[in-house]
Each structure stands twice: as structure tokens, then as C-alpha cells.
Amino acid sequence: MIRSILIAILVIGVAGAAYWGYQEHQEKNAILINAENNYQRAFHDLTYQMDLLHDKIGTTLAMNSRKSLSPALTDVWRLTSQAHGDVGQLPLTLLPFNKTEAFLSNIGNFSYRTSVRDLDKKPLSDKEYAQLDHLYKQSEDIQNELRRVQHLVIKNKLRWMDVEMALANNRENADNTIIDGFKTVEKKVEGYEETNIGGPSFVNYQNKDKNYKYLNGKTISKQQAVEVARKYASMPKTKNVKVTDNGKGSAYDFYSVLLKNSKGQEASLDITKKGGYPIYLIQSRKINKQKISLNDAANRAADFLKKNNYKDLELFESSQYDTIGVFSFVQTVNGVRIYPDAIKMKVALDNGQVVGFAAEDFLMSHHTRNIPKPTITKEDAKGYLNPKLKVMEERQAIIINELGEEVLCYEFMGTLGKDTYRIFINANDGTEEKVEKLKNAEPIYRDLVKNKA
């Protein structure tokens with residue numbers, strides 16, 4: 001009898017394990033299929049955008065009137081932005097593709113700067129038309145190569161997941177049609193003369209420094225990285241630790257640290273080798289029923305920043321998703337918000353633990369700035385606003401504009417009807433740099449994070 005019971009239990013256990021394994025397999029397949037679909041969509045969108053871009057640049061060469069040319073150049077700028085976004089969604093992080101990205105950025109910068117100026121007073125010069133003609137021919141080369149790759153992808157039913165695996169395992173030199181095609185695109189762009197895409201009208205915002213040049217401190221060891229990870233994750237006695245160096249092709253050097261405690265909780269962090277600064281922190285655990293308010297969680301986040309010596313950060317956005325509070329902090333200097341110096345955090349609303357921390361933007365841009373004085377007054381800047389906008393808050397701020405440049409602005413928060421907007425007016429010439437429609441009225445916390453030391 002006991003033997004039968006044991007056999008029955010064993011059968012049930014095996015069946016349960018098999019079912020669990022089947023479920024895991026199905027979920028994994030679903031994730032892989034979704035990723036593959038996203039990659040395929042981004043690639044075919046990129047090819048389509050390059051077709052449109054080539055044709056649109058061609059039409060601008062036949063135009064002369066401001067009425068037609070300015071909107072056409074605006075379309076060129078929009079298409080390059082979309083193409084650039086599609087490139088960013090492909091698994092090409094470890095594949096050198098910076099020349100092509102820079103090429104798209106240069107087209108975007110040229111078309112943006114030209115479209116916003118008064119072409120009646122300052123029409124396109126012969127040199128600018130020559131540059132447009134060069135861009136037209138170069139975009140055709142990229143278009144043709146992408147079409148060739150697209151044809152082979154469809155014909156041979158190639159998978160982008162294989163590309164991702166090849167790049168992750170440093171097998172990009174193997175025979176891979178997609179990788180070879182994108183390398184050909186990169187070589188074609190690299191072969192263009194710099195003068196063809198140069199000149200004063202171009203500002204390459206892809207040269208944004210990704211090597212964390214503002215970091216201070218010495219290079220840390222793996223053991224020191226572990227200590228930093230334990231401090232940020234509040235896991236001082238963790239014994240199960242895994243540390244790896246960044247992979248080939250990364251734009252900067254960092255350690256990836258994985259911590260696991262006796263309760264099964266995990267924390268993963270990326271930490272810069274220079275200075276030992278955490279880039280990301282993710283705490284993996286089940287978050288239970290909410291016990292603290294969003295405001296309490298914001299205070300916990302501010303305390304976390306104080307504890308880790310982040311100074312003069314202001315919480316400017318907060319939101320709640322289920323039982324997690326999400327917060328964005330920015331640097332403030334003499335009352336001026338420095339939006340490039342941003343840190344995002346997630347706090348569990350069951351016990352106030354910081355379960356997410358992202359400081360990449362902060363680490364890439366934070367440095368001592370000489371903030372210029374505005375050329376126009378705040379009242380002058382208000383004159384550029386929609387007169388129906390009811391201004392609720394106003395301040396000075398530094399933002400990144402469409403060309404990737406830091407600009408000093410007047411920031412106005414106001415309402416128009418039932419909607420809330422954040423509008424940035426250039427403090428030098430009154431240009432409307434950016435308009436953001438806020439999704440909802442989230443609480444704004446004005447407490448500054450100060451170091452007590």
C-alpha cells in the first residue's frame with residue numbers, strides 16, 4: 001500500500017515537473033517570438049524609412065520656394081529621426097555601426113537647421129545644394145544595401161535572434177548574412193569623404209560622450225565592486241556572488257555584479273570600473289501589498305541618495321504602478337534645474353526598499369557647469385507662450401535640445417483647459433525649445449536632497 005502511494009506521489013511529481021517545464025518552455029518561446037517580431041519590424045521599418053528618406057532628399061533638390069522646401073526638409077529631419085530610432089531597436093549594440101548612425105544624425109541636423117531658418121531671407125547656398133546632392137547619392141547606397149539584406153532575410157527566412165546570439169558570443173566574424181550586410185553599410189558610409197557631410201551647417205549630436213569622461217576616482221577591483229554592490233543593495237552578508245567584466249564592444253568599462261542571499265532574493269548591478277559608480281541596480285523579489293504611501297516612498301528614495309552622497313537633487317516627477325513608486329530626480333544649481341543630470345528610482349511600496357536605480361544619464365553628463373545668465377527676461381519669455389496658458393510654476397532650467405546641445409531655458413508649467421504642459425523657452429532668443437504634455441497631474445516634491453556632511 002505504501003509502495004503504491006509512493007509510486008503515485010512520484011508519478012504526480014514527475015507529471016508536475018514535466019508540466020512546469022512545458023510551461024517554462026512555452027513562456028520562453030513566447031518571449032523569443034516577441035523579440036524576433038520586434039527585431040523584424042524594426043528592420044523592415046528601417047528599410048522603408050531609408051526608401052522614403054532617399055526620395056524625400058531627391059525632391060528637395062528640385063525645390064526652390066520656401067513654401068515647399070521648408071516642409072520638405074522638416075520631413076527629411078522626421079524620417080532620419082525615425083530611421084535612427086529603428087536602428088536603436090536592433091541588436092547591434094556590439095556591432096560597430098557608429099558611422100551610419102552619425103550619417104543619419106548629420107542629415108537630421110542639416111535638415112533641421114535649414115528648415116527652421118527664414119529661407120526667403122537666407123536661401124540655400126550652392127554649397128548647401130551640393131551637400132544635399134552628396135547626401136542624396138550616399139543615402140541611395142545605404143538604401144540599396146538594406147534592400148539587398150531585406151531580400152535575403154525574406155528569401156532565406158533569416159532570424160534576428162541568431163544575429164543577437166552571434167554578437168553576444170563574439171561570433172560576428174562568422175558567416176552571417178545580416179551582420180555582413182550591416183558591415184557593408186558601415187564600410188560604405190566610412191568611405192564617404194568627411195567634407196561631403198561636414199561644414200558649419202552640421203552638428204553631429206551622436207558625438208555625445210558615452211565613455212563617462214566626467215567620472216572621478218581610481219579604477220576599482222572586482223572585490224571593491226562587490227562591496228559597492230552590497231552597500232547599494234543593502235546585502236552586506238551575501239555569500240553567493242558573481243562578477244563579470246563588460247563584453248567586447250562596450251563603449252565603457254564596467255563590472256556586472258549579481259548578488260543572491262539566503263532568502264533567494266537577487267540584486268544585479270552594473271558598476272563603472274573608474275570610480276566605482278553604480279549605473280543600474282535591479283532588485284528581484286516579489287513585492288507584496290502596499291503599506292506605505294507614495295510620499296513616504298519618495299522620502300525613502302531621497303534618504304537613499306543622501307546616504308550615497310548624491311547632493312542637491314530635486315524630485316520633479318513621481319508616479320505609482322501597482323505597488324511600486326517611480327521617481328525622477330534632477331540636479332539643481334542655484335535654483336536652475338539641470339535636466340541632463342537625472343537619476344530614476346523605483347521604490348517598493350510594501351517596505352520602502354529601493355528596487356530600481358538608474359544613474360546612466362547622471363554619470364554621463366554630471367560636471368561643474370558655468371551657467372550663463374539669460375539674455376531675455378522671464379517676462380519676455382512669457383510673451384512667447386500661448387496667451388491662453390495658465391502658468392502655475394516657472395523657473396530656469398538646462399535641457400538638451402533637438403540638436404543634442406545643452407541650452408538654458410525658462411521652464412513654465414501651466415494648464416490649458418484640462419491638460420497640463422511643461423514648456424521650455426530659450427533664455428537667449430525666445431525659441432520654443434520643447435513642449436511636453438503631462439499625462440496626469442503627479443505630485444511635485446520640492447525638497448532638495450542635501451548631504452548632511
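These exercises, with worked solutions, work through a predicted model.

**Exercise 1. Describe the overall make-up of the protein chain.**

Solution.
Step 1. Take the secondary structure: the protein chain has ten helices and 13 strands.
Step 2. Turn to burial. The protein chain has 453 residues, and buried residues make up 42% of them.
Step 3. Look at the contacts between residues at least 6 apart in sequence. Of these, 63% join residues at least 24 apart.

**Exercise 2. Trace the pairing of β5, β6 and β7, and state what stands opposite what.**

Solution.
Step 1. Begin with β5 and β6. They pair in the antiparallel sense over eight bridges. Ser 319 stands opposite Val 326 in β6.
Step 2. Inspect their hairpin. Two residues lie between the strands, and Asp 322 takes a positive phi near 60°.
Step 3. Move on to β6 and β7 (residues 336-348). This pairing is also antiparallel, over ten bridges. Here Phe 329 stands opposite Ile 343 in β7.
Step 4. Inspect the second hairpin. Two residues lie between β6 and β7, and Asn 334 takes a positive phi near 55°.
Step 5. Judge the burial of β6 (residues 324-333). Seven of its ten residues are buried, so the strand is largely enclosed by the rest of the structure.

**Exercise 3. Is Tyr 321 buried or exposed? Place it in the fold.**

Solution.
Step 1. Locate the residue: Tyr 321 lies in strand β5.
Step 2. Apply the cut-off. Exposed means over 50% relative accessible area. Tyr 321 has 55% relative accessibility, so it counts as exposed.
Step 3. Add a distance. Tyr 321 and Lys 346 are 25 residues apart along the chain, and their C-alpha atoms are separated by 9.9 Å.

**Exercise 4. Locate the largest nonpolar core relative to the domains, and follow one of its members.**

Solution.
Step 1. Name the best-connected members. The core has 42 residues, and Phe 327, Ile 343, Met 345 and Phe 357 touch the most other members.
Step 2. Use the domain bounds. Domain 2 (208-275) and domain 3 (286-365) both give residues to this core, so it lies between them.
Step 3. Follow Ile 343. Leaving out residues up to four places away in sequence, it touches ten residues' worth of neighbours that include Leu 305, Leu 313, Phe 327, Phe 329 and Phe 357.
Step 4. Set this core apart from another. A second, separate core of 31 residues includes Tyr 39, Ile 57, Phe 110 and Val 185.

**Exercise 5. Classify two aromatic pairs, then state which cluster they belong to.**

Solution.
Step 1. Start from the total: the structure holds eight aromatic pairs.
Step 2. Take Tyr 232 and Phe 304. The ring centres are 5.7 Å apart and the planes stand at 75°, so the pair is edge-to-face.
Step 3. Place the two rings. Tyr 232 is in helix α7 (residues 222-233) and Phe 304 in helix α8 (residues 294-307). The pair links distant parts of the chain, 72 residues apart. Both residues are buried.
Step 4. Take Tyr 310 and Phe 362. This pair is edge-to-face, with 5.7 Å centre to centre and 70° between the planes.
Step 5. Place these rings too. Tyr 310 is in the loop between α8 and β5 (313-321), and Phe 362 is in helix α9 (residues 360-365), 52 residues apart.
Step 6. Check burial, for which the cut-off is under 20% relative accessible area. Tyr 310, at 7%, is buried. Phe 362 also counts as buried, at 7% relative accessibility.
Step 7. Assemble the cluster. Tyr 232, Phe 304, Tyr 310, Phe 357 and Phe 362 form one aromatic cluster.

**Exercise 6. Find the ring that the charged end of Lys 273 sits over.**

Solution.
The ring belongs to Tyr 255, and the charged end is 5.1 Å from its centre.

**Exercise 7. Describe the surroundings of Leu 408.**

Solution.
Step 1. Locate the residue: Leu 408 is found in strand β10 (residues 406-416).
Step 2. Judge burial. Its relative accessible area is 5%, so Leu 408 is buried.
Step 3. List contacts, not counting residues up to four places away in sequence. Leu 408 touches, among others, Val 336, Ile 371, Pro 374, Ile 398 and Ile 425.
Step 4. Add a distance. The C-alpha atoms of Leu 408 and Val 336 are separated by 9.0 Å, and the residues are 72 apart along the chain.

**Exercise 8. Characterise the hairpin of β11 and β12.**

Solution.
Step 1. Strand β11 (residues 419-426) and strand β12 (residues 432-438) pair in the antiparallel sense over six bridges.
Step 2. Phe 424 stands opposite Lys 434 in β12.
Step 3. Five residues lie between the strands, and Gly 430 in the turn has a positive phi of about 80°.

Technical notes: Residues numbered from 1 in each chain as written. Predicted model: local features only at pLDDT ≥ 70, side-chain atom pairs only at ≥ 80, totals over all residues. Heavy atoms only, no water. Pairing = 2+ DSSP bridges. Helix = DSSP H or I, 4+ residues; strand = E, 2+ residues; numbered from the N terminus. Core = buried A, V, L, I, M, F, W, Y, C linked by side-chain atoms within 4.5 Å. Buried < 20%, exposed > 50% of the residue type's maximum accessible area, 1.4 Å probe, protein only. Domains from an automatic or database assignment. Contact = heavy atoms within 4.5 Å. Phe/Tyr/Trp six-rings, centres within 6.5 Å; stacked < 30°, edge-to-face > 60°. Lys NZ or Arg CZ within 6 Å of the ring centre and 35° of its normal.
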